[in-house]
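Work through the exercises below with the structure open. Try each task before reading its solution.

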Amino acid sequence: WTEFQPVLFHLSYLVYIRILGWTRRPAMVQSPKVHGKAVRHMAEIIWNIDCATLPTVTRHCKKCGKPRAFECSGCFRVNAQKRLLDVWLIYKCPECDDTWNLPVLSRVSPQAVPAALLAGFHRNDAALARRYALDGELMRRSGAALDMPELRVTGVTPPAGQRVTMALTPECALPVRVAAVLRMGLRLSRSEFERLVADGRIRAHGGDVLRMKLGSGARVDVEL
């Protein structure tokens with residue numbers, strides 16, 4: 001027995017070390033799961049979209065006798081009568097300088113207009129003119145239709161082979177299709193774009209990417 005004691009002690013020590021090693025093994029870090037499936041956190045890319053020029057408004061020109069694309073002059077007309085205020089944004093025919101006035105404010109009390117806004121009308125503030133020239137709802141109420149100009153897209157191109165979420169952020173609500181913005185920014189032909197959609201590599205959040213309008217913004221998952 002005395003001869004086997006060192007051997008038994010050594011074996012007991014090895015078993016103890018093995019057990020200790022298993023109990024102290026670091027836990028595996030798992031990805032969060034939704035409904036039992038691991039969730040991949042996708043990178044996000046932001047595209048800013050704005051108009052290269054201000055939209056024109058096609059109207060019948062009385063002097064030319066035909067439809068013309070009236071251009072925003074960037075100037076406001078402010079008129080006060082009987083303590084009520086009217087403000088228009090002036091558009092001009094590019095051929096004869098005939099004008100059309102887009103109603104901005106109609107028959108409102110001057111006290112109801114913030115002083116900074118009224119000052120902007122009087123000095124023909126360029127940013128203010130751009131804001132109203134791009135206001136599709138204001139145009140609709142006035143019975144006018146915007147002729148959308150060329151758009152500019154600012155942002156990085158998604159990396160190949162990686163699925164990312166793209167946030168399309170326009171400077172104002174734009175009545176253009178998300179598909180048109182993506183094709184332009186990604187430099188894809190219509191057939192290339194539609195193939196990626198059919199393969200599930202381009203998907204819009206909350207709608208059909210081929211039909212949905214950009215409006216005030218959209219989010220799209222893309223994998224090139």
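Two strands count as paired if DSSP finds at least two bridges between them. The model used here is predicted.

**Exercise 1.** Find how many bridges join strand β3 to β9, and in which direction the two strands run.

Solution. Start with strand β3, residues 43–51. Joined to β9 by 4 bridges, β3 runs antiparallel to that strand. For one of the positions, take Cys51: its bridge partner in β9 is Leu151.

**Exercise 2.** Place these strands in their sheet and name its edge strands.

Solution. First write the order, β9-β3-β10-β14-β12. These 5 strands make an open sheet with mixed pairing. Next look for strands that pair on one side only: they are β9 (151–154) and β12 (202–204), the edge strands. Ignoring direction, the average turn between neighbouring strands of this sheet is 25°. Finally add helix α5, residues 178–186, which packs on the sheet and touches β3, β9, β10 (163–170), β12 and β14. The directions of α5 and β3 make about 100°.

**Exercise 3.** Decide whether Asp221 is in a salt bridge or without one.

Solution. Locate Asp221 in strand β14, residues 218–223. Asp221 is buried, and the nearest side chain of opposite charge is Arg163, 4.8 Å away. A salt bridge needs the nitrogen and oxygen within 4 Å, so Asp221 has none. The side chain of Asp221 does have a polar contact of 2.9 Å with that of His205.

**Exercise 4.** Describe the hairpin of β6 and β7.

Solution. Strands β6 (residues 84–92) and β7 (residues 99–108) run antiparallel and are joined by 7 bridges. Trp88 stands opposite Pro103 in β7. Between the two strands lie 6 residues, and Asp97 in the turn has a positive phi of about 70°.

Note on methods: Residues numbered from 1 in each chain as written. Predicted model: local features only at pLDDT ≥ 70, side-chain atom pairs only at ≥ 80, totals over all residues. Heavy atoms only, no water. Buried < 20%, exposed > 50% of the residue type's maximum accessible area, 1.4 Å probe, protein only. Lys, Arg positive; Asp, Glu negative; His and termini not counted. Polar contact = N/O pair within 3.5 Å; in protein donor to acceptor, adjacent residues only side chain to side chain. Axes fitted to C-alpha atoms, helices over the stretch in contact; angles between N-to-C directions. Contact = heavy atoms within 4.5 Å.
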